[in-house]
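Work through the exercises below with the sequence and the 3D view open. Try each task before reading its solution.

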Amino acid sequence: MDKLVLGGHEFNSRLLIGTGKYGSNEILPKVIESSESEIITVALRRVDLDNKDENIISHIPKKITILPNTSGATNHVEAVRIARIARKMGCGNFIKIEVISDSKYLLPDNEETIKATKILADEGFIVLPYMTPDLYAGKKLVEAGAAAVMPLGAPIGSNMGLKMKEMIKIMIDEIDIPIIVDAGIGKPSQAMEAMEMGAAAVLVNTAISSAQDSVKMANAFKLAVEGGREAYLAKVGRVTNYANASSPLTGFLSEVGV
C-alpha cells in the first residue's frame, strides 16, 4: 500500500486540508468526510477549550491527526512558544511552522523557519515547515530535523496555482524527505499536477472553503490527488517534438487486397 509517512506515522490520504475561512465550523465534519483527509491543520488561536461552539477542534473527528500551525508568529521565538503551547493543550507532537513577518505578500521567512525547526525537532516535535521554495533552505530544513518540507505553490489564499512549479520540481528532485505543496493551489487540476510531478502530498484550504459547494470540492480534490499520485507511480511517457503514430503506418487496406 502506497502510504504517506511523516515522522514514523503512516497515512492513506495525501490530501491535507485546512480549517480557515469557512462560514461555519458546522460544515467541517462533512468536508473532512468528503475529502477523506487524515491530517487537518488548525491555527492555535482558533482553539478555545472553554467554548465548544467556537473551539474548532470540537468539530474535528477524533480519528483525525491535528496539525497545529504557528500562524501569527513573526519570528522563530514566537513560533516555538506557540508550538509548545499547542503541545501542552493536548494537540500532540505534530506542528506546522509558519513564520511570516511580511504583512503584504505573506511570504514565509525561511531563516527564522529553519531556526524554529531545529529547536522544535530537538524537542521531539514532528515538524512540517511552511517555506518559500528554495533548494538551499530546503536542505537546511532537512538538516534541522524537518519531517517534511512544505513549499508554497503561490501566495497563500490566492488560488493562483503552481506559480513556483519549477522551483518545487527542483526540490522534489534533490530533497529526500516528503515535499508537501502548501498554499496557492486553487483547482483540483493543479493539485493533480503537483502530485504528477512527484509531490508527496498537498495542503488545500482556500480552494475548498471558498467554493460554492465545499463538500463537493473536497471530494474533487481527493480524486485529483489520488489520480495524480497514480500517474506519478505509473511514470508518464516521454514527451517528443514530433508526431509518433499510435498505430503502425504499414499494412493499409490497399496492401492486403481489399
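**Exercise 1. A helix and its cover**

Which residues in α8 are buried? The model is predicted; use it to describe the helix, its buried residues and its two ends.

Solution.
Step 1: Locate the helix. Helix α8 runs over residues 214–234, which makes 21 residues. From its first C-alpha to its last it reaches 30 Å, close to the 30 Å expected at 1.5 Å a residue.
Step 2: Apply the cut-off. A residue is buried if its relative accessible area is under 20%. In α8 the buried residues are Ser214, Ala218, Phe221, Lys222, Ala224, Val225, Gly228 and Arg229.
Step 3: Find the cover. The elements over these buried residues of α8 include the strands β3 (15–18) and β10 (201–204), together with the helices α1 (28–35), α6 (188–196) and α7 (206–209).
Step 4: Look at the ends. Asp213 caps the N-terminal end of α8, with a side-chain oxygen 3.3 Å from the backbone nitrogen of Val215. Just after α8 comes Lys235, whose phi is positive, about 65 degrees.

**Exercise 2. A residue in helix α1**

Is Val31 buried or exposed, and which residues is Val31 in contact with beyond its neighbours within four places in sequence?

Solution.
Step 1: Place the residue. Val31 belongs to helix α1.
Step 2: Compare with the cut-off. Val31 has a relative accessible area of 0%, so Val31 is buried.
Step 3: List the contacts. With neighbours within four places left aside, Val31 is in contact with Ile17, Tyr22, Ile208, Ser214, Val215 and Ala218.
Step 4: Check the separation of one pair. Val31 and Ile208 are 177 residues apart along the chain, and their C-alpha atoms are separated by 8.6 Å.

**Exercise 3. A polar residue in a strand**

Why does Asn69 count as buried, and which backbone nitrogen does its side chain reach?

Solution.
Step 1: Place the residue. Asn69 is in strand β5, residues 65–69.
Step 2: Use the accessibility. Asn69 counts as buried because its relative accessibility is 7%, and the limit for buried is under 20%.
Step 3: Follow the side chain. The side chain of Asn69 reaches the backbone nitrogen of Ser71 at 3.0 Å.
Step 4: List what Asn69 touches. Not counting residues up to four places away in sequence, Asn69 touches Thr41, Val42, Ala43, Leu44, Ile82, Lys96 and Glu98.

**Exercise 4. Positive phi outside glycine**

Where is Asn159 found, and where is Lys235 found? Describe the phi and the exposure of each.

Solution.
Step 1: Recall the usual case. Most residues other than glycine have a negative phi.
Step 2: Take Asn159. Its phi is near 60 degrees, a positive value. Asn159 sits in the loop between β8 (150–151) and α5 (165–174). With 29% relative accessibility, Asn159 counts as partly exposed.
Step 3: Take Lys235. Its phi is about 65 degrees, although Lys235 is not a glycine. Lys235 lies in the segment after α8. With 56% relative accessibility, Lys235 counts as exposed.

**Exercise 5. The whole chain**

How many helices and strands are in the protein chain, and what share of its residues is buried?

Solution.
Step 1: Count the elements. The protein chain has eight helices and ten strands.
Step 2: State the burial. Of its 258 residues, 48% count as buried.
Step 3: Describe the contacts. Among contacts with a separation of 6 or more, 64% join residues 24 or more positions apart.
Step 4: Describe the charges. The chain has 28 positive and 31 negative side chains, and the centres of the two sets lie 1 Å apart.

How values were computed: Residues numbered from 1 in each chain as written. Predicted model: local features only at pLDDT ≥ 70, side-chain atom pairs only at ≥ 80, totals over all residues. Heavy atoms only, no water. Helix = DSSP H or I, 4+ residues; strand = E, 2+ residues; numbered from the N terminus. Buried < 20%, exposed > 50% of the residue type's maximum accessible area, 1.4 Å probe, protein only. Contact = heavy atoms within 4.5 Å. Lys, Arg positive; Asp, Glu negative; His and termini not counted. Charge placed at Lys NZ, Arg CZ, Asp CG, Glu CD. Expected span 1.5 Å × (residues − 1). Polar contact = N/O pair within 3.5 Å; in protein donor to acceptor, adjacent residues only side chain to side chain.
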